[in-house]
Amino acid sequence: MEPAAKQKVIYITYLIAALDITWLFLQFSITPYLARRLGFDTIWFGYLQTTVGVIQLLGGPIYGRFADVFGARAALSVSCLASVVYFLLLAVADNTFMLFVHKLPAVFMHALPGAQMVVADLSENEKRADALGKLGLCFGIGMIAGSSLGGTLKSDYCILLNGVCIYLFQHYNSFMYYYKYNFYQKYIYNDYYDFYVCLEKGSSNSVFNLGEITRLMKFPGVAKTFTVKIISGLPAGIFQVMFSIIAINFFQLKAEQNGYLMAYFGIVQMVIQGAVIGRLTSRFSESSLMLLSVGISSLVGLAQAMMTNVFHFCLIVIPMMFSLSVFNVITDSMLTKSVSPSDTGTMLGLCASVQSLLRTVGPTIGGFLYEAYGVPSFGYIQCIINAAVFSFLLTTGGRSQPNRP
């Protein structure tokens with residue numbers, strides 16, 4: 001595929017990612033208030049978040065493996081269809097049971113990892129971190145648009161969501177028209193072979209082969225980077241999961257104000273991932289940037305422990321988003337470079353499952369910390385854990401794995 005054609009596909013991927021994140025953050029802004037109207041307290045809201053985490057934790061690696069076997073075209077189509085069902089169920093969620101049921105399609109909702117698979121396959125190794133960082137720019141655009149809409153819309157928001165899901169589905173299919181040619185040789189040719197091999201021999205090409213998924217942990221340095229990604233990301237993940245409760249109870253924000261705050265997050269992230277990360281990756285090594293992000297995250301935790309109002313938090317958001325953005329982009333880039341091209345989908349699925357894992361354990365741990373020790377406890381834990389990870393990376397020399405051949 002010609003470089004210009006590849007770039008065109010990547011740009012369409014960015015557009016699709018921005019649309020998907022917009023509607024995702026729209027429902028993020030609304031769900032806490034909907035849960036409160038249905039009588040959810042902090043504990044039950046934590047159970048709801050944990051349910052989503054468990055569902056996506058199970059679906060992430062399988063989705064990545066599915067993309068490696070059948071191609072990103074099929075994977076993104078499945079993700080989009082699941083989103084349609086998800087929002088249709090949300091539209092009729094008028095009781096506690098339905099609020100839990102509408103989360104079930106989330107097992108296949110991995111549009112952002114799907115977009116990352118496209119970008120990882122079409123970008124060169126030395127430019128991969130920058131290309132993945134641009135997806136964060138799309139994430140910021142979606143966060144701004146979705147949060148603003150979520151803070152403005154009231155009872156009619158479900159109607160908009162349903163129409164938007166159909167619109168998004170059309171965009172996915174339009175995008176796949178361009179994407180099909182590039183992946184014909186890599187995926188379509190092998191689909192029939194894989195189908196018969198899976199039936200006749202139980203081949204390792206099966207989507208549900210856990211051995212093929214866990215095999216990636218044996219590549220040099222992958223287990224170390226993956227472990228750092230989980231441990232360092234845990235405190236920030238807990239804070240993010242509990243932020244909707246913190247915004248309501250600690251900052252005393254209304255739905256509209258919470259939407260504006262999320263839009264501010266998006267603006268900061270757009271600037272960082274669109275204008276900063278690319279320049280950093282061209283000048284510094286990935287191991288140095290990972291070390292930097294972990295160190296800043298530790299200082300952010302200390303600042304969070306001392307904040308007392310939303311103005312303080314707005315000041316903290318800039319270094320917080322910088323550390324999160326750099327850390328996530330760099331670790332994803334390092335991990336995909338450490339495996340073969342045919343395994344990038346599975347690896348990105350595993351990376352997505354890290355966030356799902358954090359959403360699984362985060363509400364339970366976060367609910368306990370919030371009720372027992374208050375908001376400052378999140379900051380102190382983040383400071384201590386990331387300081388320990390920073391010391392570990394400093395003493396072991398950061399990244400030790402070689403790039404894939």
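**Close-up views of a predicted, helical protein model**

**View 1. Helix 15 has the span expected for its number of residues.** Helix 15 covers residues 376-396, and its 21 residues should span 30 Å at 1.5 Å a residue; the end C-alpha atoms lie 31 Å apart, which agrees. The expected span is 1.5 Å times one less than the number of residues. In this predicted model, local features need pLDDT of at least 70 and side-chain atom pairs count only at pLDDT 80 or more, while totals for chains, interfaces and linings use all residues. Residues are numbered from 1 along each chain as its sequence is written, and side-chain values use heavy atoms, with hydrogens and water left out.

**View 2. Several residues of helix 15 are buried.** Among them are Ser377, Phe378, Gly379, Asn386 and Leu393. Buried means under 20% relative accessible area, exposed over 50%, and partly exposed in between, with a 1.4 Å probe and protein chains only. The cover over the buried residues includes helix 10 (222-249), helix 12 (286-306) and helix 14 (344-373), where contact means heavy atoms within 4.5 Å.

**View 3. Two cysteines are buried.** Cys383, in helix 15, counts as buried because its relative accessible area is 17%. Cys138 has 6% relative accessibility and therefore is buried as well. A search of the whole structure finds 0 disulfides (pairs of cysteine sulfur atoms within 2.5 Å).

**View 4. The whole protein has 15 helices and 0 strands.** Helices (H or I, at least four residues) and strands (E, at least two) are DSSP runs, numbered from the N terminus. Of the 405 residues, 55% are buried.
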